[in-house]
Structures are given as C-alpha cells and as structure tokens.
Amino acid sequence: MDETLAFSAPQPAAAGGAVPASGLHGLAFSKGHGTGNDFVLIADPEDAHQISPEQVAALCDRHVGIGGDGLIRAVPSRFLSEGLQLLEADSDAEWFMDYRNGDGSLSEMCGNGVRVFVQFLIEQGLVTLNAGESLTIGTRGGIKKIVRTAEGFAVDMGPWEFIFPKDATSKAMDSLVSADGLEVARPALSVSMGNPHTVVALAELSELKSTQLFKAPVVDPKPTNGTNVEFVVPAEPLVHDGIGNITMRVHERGVGETQSCGTGACAAAVAIRHWAGEGAPDTWRVKVPGGVVGVRFFPGESGREHVELSGPAVIVASGTLS
C-alpha cells in the first residue's frame, strides 16, 4: 500500500500577536527546511544576538511572524558554556547549533535541523564543504558529524538508547499513549536520540490519517523532560530489497505536529526494528508528510550502535526583519 499523506501542522499563536521589534530590527535571517520540517535561521558569528523565548515564539508564528517549527542560531561554540565543553572533547566542533522549539523552549537536538543548519553555514560562506567531506558541529545533544552527499547530508546521530530499558527488554513496551482519533490507548516504546521520543505502532494508514494531533498526546508514564510522540505504520511487507519501510506522523514537544522529525524518524526505526525481532534490517526508509528520510544503524567506535540520518536540506528565502 502506497498512499500519499498530507497533513497540516498548525502552530500556537505568539503572545501579543506581533514580532517583538526590540533588539531585532534589521536582523538578517533565512528560512529553510528538511523534508518540510522548517526553521528560521540566524547567523551570529560574534554572539551579538540574545533572542528571548518570546521573540523566538513570535518569529516562528505562522500568522504574524516568519513561521517555523523552530529557530536555529549559528554561533561559534567558544561563546557558549555547552560549546566550550564540546570543544574540549573535539576541537573541530567550531560551530554550535543553538536550537529553540517554536514556543521558545530549548531543545537538545533536531535531526532535520542539523542538515538545514549545515546548508545554512555553507550558503552564508561560514564553512566550505564539498561532496564526500565531513563537518563536525556542536549541539546540546552532543557532537555531531555530518557528511555532504549528492542528495543532501548524512548525519551520525550518535548512539540510541531505551528510556525505560527494563520494560523495553522484558515487555517490548513501557507506556500507553492516548490521542484524539484513537478509540483506546496504545502501547508504546520510549527511545532517546539525545532527545526523548515515544513511538506508537498503528495497523493501517487510514488509522494514521484519522489520528488528531492538534494537541499533545497523553503519555503514561511520560519521560522526565516530556517527549515527542511518533505514530508509525509499518509497510506490508515491512522489508523490500533489504530496506525496512515505515510511514510516520509526529507531535513534537513545544511545537505541535510537524511535517517531519529527523530524530523521530530514527526513534521510530529503533522501535519498529525492536518489535520486528531478529533478522530486521539495519537500513530504513521513513516516509513523513514532508518527504522521505533514510535511517541506518551501524557500530560506533565506542562499541555502542549508532544511527545515521540522511536526507535533503533547502534554504528557501533570506531577508531582514523590519
């Protein structure tokens, strides 16, 4: 079955209904997206712009702002305490992806955002990266290494882990998730990709389409710092030409439903592979409303399994705030 899914991703309105002008007048920005997961991007090579949570929310507002699922500030790692710690571990992590959710709250990591961040650095002339070359950046989810490919970028997202490992191992579930449009709560599995995710498997694409994500699903028990929630339908057959295939929608913390979520795609592949059992593939194709991303599992240098996320990144517009 191969149905095309298209879902809107409504966003909360910014408090006050207008972009706060104080401190932002004349600020240069760009707008970019990775499979529909979109961001406002600010280049700040001198750490001159401290953008408040309220300003982030206003800039990301889709009615009276620029509009985006989040805001990314490109700042040298040396200016941030988190960045300085990462530089001690890897001096190549010169640039830091200072990421905020659309409501202004801090987020540890954004897989689609990383690709768009690197494309932004390239287009701003802040880095040079040819096809096949790699770049190391800092994030609140740790150091990430990105390779430029013919199709976009491939990101080593680092190791994954179960948030509730005992239940994941013994029961293959650790929580129940309720959402509008689903008649009963569904079993779920919680996965950390540097940020928290809770994955629910559904049986049919029609069920996925009818699930309402205008408000946050209820997760019980909920991970300590909240969670992003992925609803996933495995393809039938699940594996084609050695690649696992799934279709996903996601509700992100502090944002609402988005057209894509890179770390969510990784977490969804982790959960479905776990449920599929022995013999499940290490390469996955994840269809989201905004397009398709690739997920690949491979052994990391530390002995822990890592996840690679691949997909496109596009800068669509640039301008200055009035």
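Let's start at the beginning of the chain. Over residues 1–17, pLDDT stays under 50. For that stretch, the model has 34 contacts beyond four places in sequence. How should we treat coordinates where pLDDT is low? They should not be read in detail. Remember, this is a predicted model. Now the protein as a whole. Its mean pLDDT is 93. And 93% of its residues reach 70 or more.

Next, the inside. How many residues does the largest nonpolar core have? It has 54. Phe117, Met248 and Val295 have the most contacts inside it. Which helix gives the most to this core? Helix α6, residues 262–276, with eight residues.

Let's look at Met248. Leave out residues up to four places away in sequence. Met248 then touches a list of partners, among them Leu208, Phe231, Val232 and Cys261. The list also includes Gly264, Ala265 and Ala268. Glu230 and Lys287 are among the residues Met248 touches, too.

There is also a second, separate core. This one has 13 residues, including Leu182, Ala188, Leu213 and Val233.

Now for charge. Side chains of opposite charge can pair when their charged atoms come close. How many salt bridges does a search of the whole structure find? The count is 19.

Take Arg73. One of its partners is Asp44, with the closest N and O atoms 2.8 Å apart. Arg73 sits in strand β3, residues 70–76, while Asp44 sits in the loop between β2 and α1, so this salt bridge ties together parts 29 residues apart in sequence. Are these two buried or exposed? Arg73 is buried, and so is Asp44.

Arg73 also forms a salt bridge with Asp98. Here the closest N and O atoms are 2.9 Å apart. Asp98 is in strand β4, residues 95–101, and Arg73 is in β3, so the pair ties together parts 25 residues apart in sequence. Asp98 is buried, like Arg73.

On to another pair. Arg296 and Glu308 meet through their side chains in a salt bridge, 3.2 Å from N to O. Arg296 belongs to strand β17, residues 291–299. Glu308 belongs to strand β18, residues 305–311. The two are 12 residues apart, and the pair links distant parts of the chain. Why is Arg296 called partly exposed? Its relative accessible area is 33%, and partly exposed runs between 20% and 50%.

Last, the network. Salt bridges that share partners join Asp44, Asp47, Arg73, Glu82, Asp98, Arg100 and Arg140 into one network. So Arg73, with its partners Asp44 and Asp98, is part of that network.

How values were computed: Residues are numbered from 1 along each chain as its sequence is written. This is a predicted model: local features need pLDDT of at least 70, side-chain atom pairs count only at pLDDT 80 or more; totals for chains, interfaces and linings use all residues. Side-chain values use heavy atoms; hydrogens and water are left out. A nonpolar core is a set of buried Ala, Val, Leu, Ile, Met, Phe, Trp, Tyr and Cys residues joined through side-chain atoms within 4.5 Å. Buried means under 20% relative accessible area, exposed over 50%, partly exposed in between (1.4 Å probe, protein chains only). Helices (H or I, at least four residues) and strands (E, at least two) are DSSP runs, numbered from the N terminus. Contact means heavy atoms within 4.5 Å. A salt bridge is a side-chain nitrogen of Lys or Arg within 4 Å of a carboxyl oxygen of Asp or Glu. pLDDT is the predictor's confidence in each residue, from 0 to 100.
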